[in-house]
Amino acid sequence: MSMWLMLAKVEPSVPAAIPERPELIETLFFDPADEPERIDPCDRPDAEQAAVLPGEFRPRADSYRFDYRLLAAVAESRAQAEQGTADWETAFPWLARTTGHECDEVEEYEFCYGPAFVLAPDEVRRVAEGLVAEGWARDGGAARWDEEREEHELEDLGPFFAAAAAEGRAVIGGVD
């Protein structure tokens, strides 16, 4: 069984719309053409929903997807080697925030492994800076975010957050 960390950088207005329309999260992460059974036809985005997700959202360029178990294994190994603990979420709190720890949760929407979470633009900026401080990213990483890449690596997480911060975006995510 796989677990995927799924993140989307969105306009700051989008998270405010989610409590009233949690199905909007489906439009960020799941393409009905790829997973038709996942989205109920009654919940498909209509013209009103499309207006809530601005045209600036580009599925490939504004999304990050990475194997959560691999991220946790690397973080745990690094925490053990550097700090003598396997508790990576305590050792690397900024990395943990990228996976939803200590974040605002979207109670109205559940991924397979917990609720969706939201980071506001100011939090995204702090996370981007925190990833640099913890050694997960290099400073100035926004220029390293490859918008056309389909497969992401752990090294892409810092540039993803740096790009989101540079664009003044919020981040919505979850583990599916």
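Of the 176 residues of the protein, 47% count as buried, where buried means under 20% relative accessible area, exposed means over 50%, and partly exposed lies in between, with a 1.4 Å probe and protein chains only. This is a predicted model, so local features need pLDDT of at least 70 and side-chain atom pairs count only at pLDDT 80 or more, while totals for chains, interfaces and linings use all residues. Residues are numbered from 1 along each chain as its sequence is written, and side-chain values use heavy atoms, with hydrogens and water left out.

Start with the overall fold. The protein has eight helices and five strands. Helices (H or I, at least four residues) and strands (E, at least two) are DSSP runs, numbered from the N terminus. Along the sequence the pattern reads β-α-α-α-β-α-α-α-β-β-α-α-β. Contact means heavy atoms within 4.5 Å. Of the contacts with a separation of 6 or more, 70% join residues 24 or more positions apart. The protein exposes about 8800 Å², and carbon and sulfur atoms supply 49% of that area. Accessible areas come from the Shrake-Rupley method with a 1.4 Å probe; for residues, only the protein chains shown count as cover.

Now go inside. In soluble globular proteins, nonpolar side chains tend to be buried together. A nonpolar core is a set of buried Ala, Val, Leu, Ile, Met, Phe, Trp, Tyr and Cys residues joined through side-chain atoms within 4.5 Å. The largest such core here holds 33 residues. Leu7, Trp88, Leu95, Leu157 and Phe161 touch the most other members. Apart from this core lies another, of 19 residues, including Ile25, Tyr109, Phe111 and Ala116. Trp88 shows the contacts of one residue from the 33-residue core. Not counting residues up to four places away in sequence, Trp88 touches Tyr68, Leu71, Ala72, Ala75, Glu76, Ala79, Leu95, Ala96 and Thr99.

Next comes helix α8. Eight of its 10 residues are buried, so α8 is largely enclosed by the rest of the structure. The buried residues are Leu157, Gly158, Pro159, Phe160, Phe161, Ala162, Ala163 and Ala164. Just after α8, Gly168 takes a positive phi of about 70 degrees.

Trp145 sits in the loop between α7 (121-133) and α8 (157-166). Trp145 is buried, at a relative accessible area of 7%. Its contacts, leaving out residues up to four places away in sequence, include Pro159, Phe160 and Ala163. Lys9, Ala61, Ser63, Tyr64, His152 and Asp156 are also among them. Ala61 is 84 residues from Trp145 in sequence, yet their C-alpha atoms are 8.7 Å apart.

His152 also meets strand β2. Arg65 lies in that strand (residues 63-67) and is partly exposed, with a relative accessible area of 41%. Beyond its neighbours within four places in sequence, Arg65 contacts Trp4, Leu5, Met6 and His152. The C-alpha atoms of Arg65 and His152 are separated by 6.2 Å, across 87 residues of chain.

Trp4, Leu5 and Met6 appear again at Gly174, together with Phe111 and Phe117, once neighbours within four places in sequence are left aside. Gly174 lies in strand β5 and is buried, with a relative accessible area of 1%. Gly174 and Leu5 are 169 residues apart in sequence and 5.9 Å apart from C-alpha to C-alpha.

Gly174 also helps to line the second largest pocket. Rolling a probe the size of a water molecule over the atoms shows where empty space is left. On a 1 Å grid over the protein atoms alone, a pocket is an open set of points where a 1.4 Å probe fits, with protein on both sides within 12 Å along at least five of seven lines; lining residues have an atom within 4 Å of a point. This pocket holds about 160 Å³ of space. Grid points are joined across faces, edges and corners, and the volume is the space filled by probe spheres set on the points. Its lining includes Met3, Tyr68, Thr99, His101, Glu105, Tyr113 and Val175. The elements that give two or more residues to it are β4 (114-119) and β5 (170-175). The largest share, three residues, comes from β4.

Two glutamates close the tour. Glu123 lies in helix α7 and counts as buried at 13% relative accessibility. Glu102 lies in the loop between α6 (93-98) and β3 (104-111) and counts as exposed at 71%. Glu102 has a positive phi of about 65 degrees although it is not a glycine.
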